[in-house]
Amino acid sequence: MMRGIKKVAAAAAAMAVVALLAPRAQAQVPIQDAVINGYATGSVFHLDAISGVLPAPAAGRLVNVDEAFSGASVASRGMTNQIQNEMQRVVQRISAAHKTQARGAGLEVGALLNPPSADTQIALDGRAEAFAPPSTGLITEEVGPIRVDDVVYASTLRGQAQARWLDAACILGSDLSYGLGYAEDAQLLDTGGDTNPVTLDQPLLSSDAPQSPAGGERAVAQSVSRTKLVRQTNRSGAFIGNNFGLMSEVRETIAPVTLFRGTPNQTTIEIAGEWVLRAVASGVPGGAYIHYGPGTVSPETPLIRIINAAGQVTTQLTSQGIALLGPTGLVVPLPNNVGEIVIGEDPRAIGGNASSAVTEAPDGTVASGAVDVVRVKLLETRNPAGEVVSKVEDLRIGHMEVSAQVPTGGVSCPLPVTKSANPQEVDVDQTFSTPITVMNPYDCDLTNITVTDEITTTQGGTFRVQSTNPTASQSPSGDNLSSGTIVWTDPGPIRPGDSRTYTAVIQARSAGRIEDLASVTATLANCSGESAALAGSAVGVAGASAAGGSGRVSVPVGQVLGATLARTGPVQTAAAAGGLGLIVLSGIGLYTRRRIV
C-alpha cells in the first residue's frame, strides 16, 4: 500500500453520563431535562401576637415574629411560583430566571397592618438572600446588639444564604441551596415598664434559661435549611438505585424559651440537642420518606423539660418518652391557666391539622411534611393592674417544613468525558493521538479512576499502539491488531474543578476502519457537604461510583477514501440507563451497551 496517499480521519467526543453502582438498572432523567422541585424552611420561634394594647410606642406595631428563620428551595424549570410556609412567611420569591434560592434571617418582625409575608417584614439588617444561576458564595449578614423600643432586643442576629446551580451538570457533594438563621439572647414584647435601656424588662418571650437546673445559660437559636442531590436510598439508608434523588432538610438548635420572664407565671421550656426534619424523594419505589427526630442521643437523654419560676422541673421527657406519646403528643397546662403546651407530636401534612399524615409517595417521587417540636397556646397577658397587655394567637417552637419531588427513576448526572483525534487526518502507517479528558464538576474528589479505551476495526483495518501517557496499566501488543483494550488505573484523585487527560498514540497499519470508544469509572470521595448524617442514614454521595463514556472515534482508511468524517465538537448524549448510552456521531445513532462494575 502506498504511503502518503491514503488519509485517516477521526471524529470528536461526546459528553458522558454518570451512573451509580446499584442492585438494578432503572429509568432516569438527565439533570438538564429533569423536573425537580423542593423546599425546606425552619423557624426556631414563631410568634403571632396582637399587641395593639401594649404601651406606646409599641402599640399596634407587632403582628408576628420569626426568630432564627431559614429557607432553601430548588425549582429546575425556574421559580415561577411563590412558596409560603404555614405562617405565610415567604420561603421562595418569584424569580423565573433562577433555579435555586436561599434566605436566612436572625429575626424578622411584622409591622402594623402589613400581611405576614417575609418581604413586608422588618428584617433588622440580618437577612441574607441568594439566587442561582450563577452560583453564589456564602452571603452573611450580621447585626447586634439591637433594641427596637419595647418590641425586641437581641445581642446578635445573623443570616446566611448560598445558592448553586449548573445547567449541564449536577451539584454533588454540596447543597443546591442553603439558608441559616441565627439569634443570640433574643427577647420579644416587653410587658413591663420599659425602664431598662438595653434589654427588655419583662419580655413575653426570651430565648434563654435564667434559672436552669443544669446551670448556665444557652441563649443561641439556629435553624439551617438545605436542598441537596443525594444517592437513592430507602428509609434505613440502604442503596436502592443507581441515580440521584432530592433531599430537603431542616436542622434546628433550639435555645431555652422563657415565657413571662420576671413574673410569677415565668415558665422555661428547655429542648436539648439538634432536631431534624428531612424529606427524601429518590424516584424509585420505597425511596420517598420523612425522617424526624433529635440527633443521635440515648433514649434516656432529657430532651424536653418545663421549668417553673422557682427553678423546679415540672415536666421532663426523654426521647423514649416522646416515642410513647403517639401522634397527638402531650398537653401540659401553664400556671394560672394562661395557656397550654403541646409537645411530642408526629410530623403532619404541610398545612394540615395534627392528625393529618405526611406525604410519602409509593413510587418514590414525592415526600413532604411539617412539624412543630413544641406548640404553645397563650391567652391574654395582663399587667399587675389587671390590664390586658398582649394577646398571642400562635407560638411555635421548632417549626419545620420540608418538601421534595423528582421524576420517576430519579436524576442522572453528567460526568464530562471528552475524546478527540489529533490530527484529524494522517497518512496510512502514520500516527494520531486520542486524548481522553476527564473533568470533575463536583464538590467531591474523583478517586479510584479507571479509564478504559476499547479499539476495534472493521473492513480489514489494523493498528498498533505506539505509546500511552501516562503509561497505561494495560496495553495491547502487536503490529497488526484488529482489536485491543487500553486501561489506565489511576489511584490519584481529580480535585473539584480540575481535569486530567489520558492519551494513546495509535498507528494505522492497513486499509479499513479503526473505531475507538472510551469509558471512565471513578468513586466520589471527600465531598464538601458530607458531615450531615443521622441514625446511620447517610445523606450525601460519598462512596458513589460515577461512570462516563466518550464519543466514538472512527478512522476510515484505504478503500473508504473520501468518507472521512467532518470535524465536530462535543455532542450531548441522550439518557443512559445502567450503562446503555446513545452515542451520536455525524447524524448516525450508535448504541453501545456496557456493564459497569
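How many bridges pair strand β15 (residues 203–206) with strand β18 (residues 257–259), and in which sense? The two strands pair over two bridges, in the antiparallel sense. Within this pairing, L205 has L259 of β18 as its bridge partner. That is a small detail to start from, and the rest of this report builds outward from it. Please keep in mind that this is a predicted model.

**The open sheet**

Strands β15 and β18 belong to an open sheet of eight strands, in the order β10-β11-β14-β15-β18-β19-β22-β23, with antiparallel pairing. At its edges stand β10 (146–148) and β23 (313–318); each has a single partner strand, so one side of each is left without a neighbour in the sheet. On average, neighbouring strands here are turned by 10 degrees against each other, direction ignored. As a general point, the side chains of a regular strand alternate between the two faces of the sheet.

**Strand β12 and its partners**

Now look at strand β12, residues 156–163. Seven of its eight residues are buried, so the strand is largely enclosed by the rest of the structure. Strand β9 (residues 139–143) pairs with β12 in the antiparallel sense over five bridges, and there E142 stands opposite R158 of β12. Strand β13 (residues 177–184) also pairs with β12 in the antiparallel sense, over eight bridges. In that pairing, T156 has E184 of β13 as its bridge partner.

**The nonpolar core**

The largest nonpolar core has 110 residues, and I304, V374 and V376 touch the most other members. Strand β27 (residues 366–378) supplies the largest share of this core, with six residues. What does V376 touch, leaving aside its neighbours within four places in sequence? Its contacts are L259, I269, L334, E340, I341, D394, L395 and I397. You have met L259 already, as the bridge partner of L205.

**Two disulfides**

A disulfide is a covalent bond between the sulfur atoms of two cysteines. A search of the whole structure finds two of them, and with bonded cysteines counted along the chain they follow the pattern 1-2, 3-4.

| Pair | Sulfur–sulfur distance | Torsion about the S-S bond |
|---|---|---|
| C170 and C413 | 2.0 Å | -90 degrees, left-handed |
| C444 and C527 | 2.1 Å | about 105 degrees, right-handed |

The pair of C170 and C413 links distant parts of the chain: C170 is in the loop between β12 and β13, and C413 in the loop between β30 (411–412) and β31 (417–419), 243 residues apart. Both of these cysteines are buried.

C444 is joined to C527 by the other disulfide. C444 lies in the loop between β33 (431–439) and β34 (445–458), and C527 in the loop between β38 (512–525) and β39 (533–534), so the pair ties together parts that are 83 residues apart in sequence. C444 and C527 are buried too.

**How confident is the prediction?**

Across the protein chain the pLDDT averages 77, and 73% of the residues score at least 70. Among the elements, strand β26 (residues 359–360) has the highest mean pLDDT, 97, and strand β43 (residues 580–585) the lowest, 25. The pLDDT is below 50 over residues 51–61, a stretch with 25 contacts in the model beyond near neighbours in sequence. It is also below 50 over residues 211–217, where there are 17 such contacts. Where pLDDT is low, the predicted coordinates should not be read in detail.

Key: Residues numbered from 1 in each chain as written. Predicted model: local features only at pLDDT ≥ 70, side-chain atom pairs only at ≥ 80, totals over all residues. Heavy atoms only, no water. Buried < 20%, exposed > 50% of the residue type's maximum accessible area, 1.4 Å probe, protein only. Helix = DSSP H or I, 4+ residues; strand = E, 2+ residues; numbered from the N terminus. Pairing = 2+ DSSP bridges. Axes fitted to C-alpha atoms, helices over the stretch in contact; angles between N-to-C directions. Core = buried A, V, L, I, M, F, W, Y, C linked by side-chain atoms within 4.5 Å. Contact = heavy atoms within 4.5 Å. pLDDT = per-residue confidence, 0-100. Disulfide = S-S within 2.5 Å.
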